[in-house]
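Hi everyone, thanks for coming. I'd like to walk you through a structure this morning, so get comfortable and have a look at the screen.

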Amino acid sequence: MALNVDLAPHERIIIANVSVRNGDRRARLIFETEAKFLREKDMLPASEASTACEHLYVLLQMIYFLDLNNDLDQKFVDLSKEIMDAAPSMALFIAEIYKNLTDRKYYLALKEGKKLMKYEEELHSRLSLERA
């Protein structure tokens, strides 16, 4: 079954390891075979990652495109441990991400990574409010 992806004007998408930017008008891409792709709204460039969970998300993007290997797995474990040591409440999110990675459901791991980043942002907001 084909997958349709509608792109807004000038929206970027990465397909496999190729970055594609849409032109001036909306466009529809039809994927007739299975392919790994990531829309611009789901991308986080490494240069823009400033928090631990954002760095973890960048790593998840790499895993999504390259598949999990021993080196990336070890980086994930090390960074996850640092995050959980600092904020144990993030362990449930990380456990779900790791479950998806071990099941080779890399896109679902990315979606859980977005939830983790949102939770991290909420924690930062709460801390800012408490300090005010």
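I'll start with one helix, move on to the cores and a few strands, and finish with the salt bridges. Please keep in mind that this is a predicted model.

Let's begin with helix α1, residues 52-66. This helix has 15 residues and reaches 21 Å from its first C-alpha to its last, close to the 21 Å expected at 1.5 Å a residue. Which of the residues of α1 are buried? They are C53, L56, Y57, V58, L59, L60, Q61, I63, Y64 and F65. And what covers them? The cover includes the strands β2 (12-15) and β5 (37-39), together with the helices α2 (70-86), α3 (91-102) and α4 (106-131). Just after α1 comes D67, with a positive phi near 75°. Remember D67, because we will meet it again in a salt bridge.

Now to the cores. The largest nonpolar core has 30 residues. The residues with the most contacts inside this core are L56, L60, F76, M90, I97 and L101. Which elements give two or more residues to it? Those are α1, α2, α3 and α4, and α1 gives the most, with nine residues. To get a feel for the packing, take I97. Leaving out residues up to four places away in sequence, I97 touches L56, L60, F76, A109, E112, G113 and L116. There is also a second, separate core of five residues, and L7, I13, F31 and F37 are among them.

On to the strands. If you turn to β2, you will find β3 (residues 18-21) joined to it by four bridges, and the two strands run antiparallel. The hairpin of β2 and β3 has two residues between the strands, and A16 takes a positive phi there, near 55°. Strand β2 is also joined to β5, antiparallel again, by three bridges. A nice residue to click on is I14: it stands opposite S19 in β3, and it stands opposite L38 in β5.

So let's stay with L38, which is found in strand β5. Is L38 buried or exposed? Its relative accessibility is 2%, and the cut-off for buried is under 20%, so L38 counts as buried. Setting aside neighbours within four places in sequence, L38 is in contact with I13, I14, M43, Q61, F65, Y107 and L110. You may recognise Q61 and F65 from the list of buried residues of α1. As for R21, 17 residues from L38 along the chain, the two C-alpha atoms are separated by 12 Å.

A charged residue comes next. D42 lies in the loop between β5 and α1, and at 12% relative accessibility D42 counts as buried. Not counting residues up to four places away in sequence, D42 touches Y57, Q61, Y107 and K114.

That brings me to the last topic. How many salt bridges does the structure hold? There are nine. As a reminder, side chains of opposite charge can pair when their charged atoms come close. I picked three to show you.

Here is D67 again: its side chain meets that of K36 in a salt bridge, at 2.6 Å from N to O. D67 lies in the loop between α1 and α2, while K36 lies in the loop between β4 (27-31) and β5, so this pair ties together parts that are 31 residues apart in sequence. D67 is partly exposed at 26% relative accessible area, and K36 is partly exposed at 27%.

The other two sit within helices. In helix α2, D71 and K75 lie four residues apart, about one turn of the helix, and their side chains meet in a salt bridge at 3.7 Å, N to O. D71 has a relative accessible area of 48% and K75 has 41%, so D71 is partly exposed and so is K75.

In helix α4, K115 forms a salt bridge with E112, the closest N and O atoms being 3.2 Å apart. These residues are three apart, about one helical turn. K115 is partly exposed, at 46%, whereas E112 is buried, at 14%. E112 is also one of the residues that I97 touches.

That's my tour. Thanks for listening!

Key: Residues numbered from 1 in each chain as written. Predicted model: local features only at pLDDT ≥ 70, side-chain atom pairs only at ≥ 80, totals over all residues. Heavy atoms only, no water. Expected span 1.5 Å × (residues − 1). Buried < 20%, exposed > 50% of the residue type's maximum accessible area, 1.4 Å probe, protein only. Contact = heavy atoms within 4.5 Å. Core = buried A, V, L, I, M, F, W, Y, C linked by side-chain atoms within 4.5 Å. Salt bridge = Lys/Arg side-chain N within 4 Å of Asp/Glu carboxyl O. Pairing = 2+ DSSP bridges.
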